[in-house]
Amino acid sequence: MTRKAIIYAIASVFTILIGLNTLALCQAQDTGKEELKLQLPKPMFIGTPRNIKTANLEVITGKPRGPFFAPKGTKLVSLKKPVLSSDMQPVIGELNFVTDGEKSGEDGYFVELGPGKQWVQIDLGAETVLNAILIWHYHSQARVYRDVVVQVANDKDFVTGVTTVFNNDHDNTTGLGIGKDKEYIETNEGRLVDPKGVKARYIRLCSNGNTSNDMNHYVEVEVFGTPGK
Amino acid sequence: MNKTAFGGLFLIVLFGAVLLRGPGLGLRPMHHDEANQAVKFGLLLEKGEYRYDPADHHGPALYYLTLPIAWVAGKSTLASLEETTLRFLPVLFGVGIILLLLIFVKDMGRPAVLVAGLCASLSPAFSYYSRFYIQEMIFVFFCLGFIGSIWRYLKRPGPGWAIAWGLFVGLMYATKETSVIIFAAVAGALVLTRFTQKKRSGGPAAPARMRPAHLILALAAAVVMAALFFSSFFSNPKGIVDSVAAFQAYLAKGGAAGFHAHPWWYYLGLLTHVSSGGLVWSEALVLALACFGLLSAALKRDRLTVFLSFYAILALTAFSLIPYKTPWNLLPFYAGFILLAGAGAAFVFERVRQRYLKIPIGLLLVLGFAHLGWQSYQANFRYHSDPRNPYVYAQTSPDYLRLVRRVDAVAALHPDHERLLIKVVCGPYETWPLPWSLRRYERVGYWTEAPAADGFEDAPIVIASQEIAEKIGPLLADKFQAEFYGLRPDVLLTLYIRNDLWDRFIKNKY
């Protein structure tokens with residue numbers, strides 16, 4: 001009797017899990033979404049970084065990120081798009097590295113901006129429905145970039161109509177408002193930000209040094225959207 | 001090169017050295033070794049207390065030589081000290097090294113000394129550690145003083161130069177225990193120079209040429225100088241005995257290097273080529289010119305160049321064979337190579353007689369020195385704390401300064417201000433440079449284990465190392481706001497701010 005009960009319990013749990021998964025997939029399909037296929041670079045450090053249990057740091061699970069569903073027709077819209085920055089003359093790398101499609105964590109694939117608060121800005125060329133933004137600052141060492149803020153707008157100067165889609169500046173050091181998102185350790189998976197379909201032409205990413213040094217780095221930023229909508 | 005041209009160019013070299021060493025001394029966060037020295041000096045400044053520690057911290061010269069600088073700056077307490085005040089001492093000696101090269105003008109000639117000065121002035125290694133509050137730069141100054149004055153003495157024996165090199169010996173010994181390596185390298189170089197050059201007439205000789213009376217005078221000067229420092233100016237005579245006993249501890253340290261164990265080619269690797277994270281560093285220009293210096297020693301057999309060649313090679317070998325290595329330990333032998341680089345450059349221009357060849361060689365050298373200067377600028381002002389800089393070694397991360405600024409900002413809002421209670425619970429490797437950074441706070445407790453701190457609720461601020469934070473984090477989660485900061489690459493500190501104070505801080509900010 002007890003054995004039977006255990007078998008029934010396990011079978012029920014599996015059925016519920018499969019059911020929930022199917023439901024999620026159906027919902028995604030119902031809402032016209034599909035899994036966004038992301039190309040990740042190879043990891044640069046082995047194992048997971050030590051789990052730091054601090055309120056404003058994301059817990060490290062050591063597992064791959066789950067699938068991300070985006071509206072059908074979503075595609076990479078940032079490849080080779082022009083990039084501006086608060087530091088237009090980086091000592092290491094070029095600003096076009098941000099959108100050149102190269103995501104390797106090795107030397108020669110990242111741009112290094114000066115110390116303190118810095119930003120890069122991608123011009124998509126036209127207003128676009130934004131469905132995902134994937135960011136790799138620097139993934140060959142376990143480090144945390146400070147005050148990461150991602151904003152989108154149609155105004156290239158980011159004065160009017162600015163929408164903040166990610167902000168982990170928990171004490172408003174950047175002056176862009178207090179962020180509720182958590183800080184995170186850089187890995188080869190990058191940071192996936194969901195802009196929830198907001199429409200914009202420009203994407204601006206801010207940071208303020210990192211836990212290893214006070215420089216700002218970008219290996220790649222990928223913006224996924226539905227062009228022409 | 002006439003005297004006026006030399007004087008003018010040498011002044012420019014000196015000015016370049018000041019520019020790379022003097023500005024922005026507070027830019028780089030205090031290294032834990034610097035902080036440790038600073039707090040030890042603070043005790044001497046405040047209470048006049050100093051006891052030589054045979055187990056650690058090196059010799060007393062650093063602390064006593066900092067005193068006049070602190071007095072002139074009007075500092076009388078540890079709390080009032082600034083990084084700039086302390087680092088001014090190595091800056092003085094770092095620039096002084098270039099001036100000291102003038103002692104070699106008579107024997108090496110003006111062009112050689114000018115190039116050696118340029119190498120020392122622009123070298124990233126020399127400029128970087130000239131802004132570092134540790135013993136190294138004053139030690140190298142005394143080493144060069146010793147080498148220069150013993151050579152001058154051997155050229156023209158007299159009591160003045162005998163006392164001079166004796167004093168430098170005493171000062172070297174009172175600065176760092178590694179002085180014995182330099183003594184051995186200099187003695188070995190003198191013997192080898194005499195052995196290989198004995199058939200030649202003129203010039204200096206080996207120790208055999210020393211007059212006994214002068215030797216006694218030099219040794220007396222050395223002993224008196226060392227005894228003064230080690231005995232804390234006769235208030236702690238035991239320090240003199242301890243200075244000898246210290247070698248046991250340092251011999252053990254040299255063998256069991258642990259974290260500081262590096263392969264024999266570590267120093268040569270640092271100087272020739274380091275590539276990391278998109279940055280490339282090299283002082284190969286100096287080494288290449290030094291190779292011409294070695295060639296000049298072999299061909300011209302000029303005795304000073306031969307002596308310097310033996311010294312540089314012996315000292316490099318000795319330091320390379322010791323498993324315990326830190327990047328600043330390369331400076332004493334690198335100073336020898338820098339002098340050889342001067343001799344090498346002079347040799348090249350002497351041998352190349354064609355004008356059409358001299359011009360491109362000169363241009364190449366100008367470009368090479370410009371690149372050296374650029375690297376120095378990058379090392380000191382942009383990548384001063386970046387692990388990609390080859391001279392950055394277990395350096396405190398700039399992120400740590402945010403922690404210090406946060407503590408200051410929060411404490412300013414607490415009614416007790418600098419009397420608020422701060423509890424630091426960190427292992428020994430994570431504690432420094434906190435005692436330096438929190439020097440203005442009167443109630444700071446340091447523990448290495450959480451239970452020893454006897455609870456945390458009485459403290460508005462708690463700082464914990466990663467390991468401790470994992471244990472106390474859940475206990476503090478409801479009452480404290482936690483933030484983490486990088487202390488060094490891969491080493492984090494967690495700062496806990498009690499919720500009432502955090503709310504006040506956030507409210508005050510907006």
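Is K238(B) buried or exposed? Select K238(B) to begin the tour of this predicted model: at 53% relative accessibility, K238(B) counts as exposed. Now add D242(B), whose side chain meets that of K238(B) in a salt bridge with an N to O distance of 3.2 Å. The two residues both belong to helix α12 of chain B, which covers residues 238-255, and they are four residues apart, or about one turn of the helix. Unlike its exposed partner K238(B), D242(B) is buried, with a relative accessible area of 11%.

**The interface of chains A and B**

Next, colour the two chains separately and display the residues where they touch: 33 residues of chain B are in contact with 36 residues of chain A. Between them the chains bury about 2,600 Å², with 48% of that area on carbon and sulfur atoms. Within the area that chain B buries against chain A, 25% is supplied by R382(B), R402(B) and F484(B), more than by any other three residues, and these three are therefore a convenient selection to keep on display while the interface is examined.

With the side chains shown, the polar part of the interface can be followed: eleven residue pairs, both members at pLDDT 80 or more, are in polar contact across it. On the chain B side, the elements that each supply at least two residues are α17 (355-382), α18 (399-413), α21 (466-476), β6 (480-488), β7 (491-498) and α22 (499-509). Among these, select β6(B), from which the largest share of this side comes, namely six residues. If you colour the chain B side by residue class, twelve nonpolar, ten polar and eleven charged residues will appear.

**A network that crosses between the chains**

Three salt bridges are counted between chain B and chain A, and one that can be selected directly is formed by the side chains of R146(A) and D399(B), at 2.6 Å from N to O. Keep D399(B) selected and add R402(B), since the side chains of these two meet in a salt bridge at 2.8 Å, N to O. Both D399(B) and R402(B) lie in helix α18 of chain B, three residues apart, about one turn of the helix. D399(B) counts as buried at 1% relative accessibility, and R402(B) likewise counts as buried, at 17%.

Then return to R146(A) and bring in E183(A), whose side chain meets that of R146(A) in a further salt bridge, at 3.1 Å from N to O. E183(A) sits in the loop between β8 (163-167) and β9 (191-193) of chain A, while R146(A) sits in the loop between β6 (117-136) and β7 (149-153) of that chain, so the pair ties together parts that are 37 residues apart in sequence. Both E183(A) and R146(A) are buried. Displayed as one selection, R146(A), E183(A), D399(B) and R402(B) are linked in a network of salt bridges; over all chains, the structure holds 23 salt bridges.

**A buried glutamine in α17**

Move now to Q378(B), which is found in helix α17 of chain B and counts as buried at 5% relative accessibility. Setting aside the neighbours within four places in sequence, the residues in contact with Q378(B) are V91(A), W281(B), Y383(B) and H384(B).

**Backbone details**

In chain A, select D147(A), a residue of the loop between β6 and β7, where phi is near 50 degrees, a positive value in a residue other than glycine. D147(A) is buried, with a relative accessible area of 4%. A second stop of this kind is F158(A), in the loop between β7 and β8 of chain A, with a positive phi near 55 degrees and a relative accessibility of 11%, at which F158(A) counts as buried.

In chain B, centre the view on W432(B) and P433(B), which are joined by a cis peptide bond with omega about 5 degrees. P433(B) has its place in the loop between α19 (428-431) and α20 (434-437) of chain B.

**Cysteines without disulfides**

Why does C119(B) have no bond to the closest cysteine sulfur? Select C119(B) together with C291(B), which holds that closest sulfur: the separation is 12 Å, too far for a bond. C119(B) counts as buried at 0% relative accessibility, and C426(B), another cysteine to inspect, counts as buried at 1%. Over all chains, the structure holds zero disulfides.

Technical notes
Residues numbered from 1 in each chain as written. Chains lettered and ligands numbered in written order. Predicted model: local features only at pLDDT ≥ 70, side-chain atom pairs only at ≥ 80, totals over all residues. Heavy atoms only, no water. Contact = heavy atoms within 4.5 Å. Buried area = accessible area lost by both parts, 1.4 Å probe. Salt bridge = Lys/Arg side-chain N within 4 Å of Asp/Glu carboxyl O. Polar contact = N/O pair within 3.5 Å; in protein donor to acceptor, adjacent residues only side chain to side chain. Nonpolar A, V, L, I, M, F, W, Y, C, P; charged D, E, K, R; others polar. Disulfide = S-S within 2.5 Å. Buried < 20%, exposed > 50% of the residue type's maximum accessible area, 1.4 Å probe, protein only.
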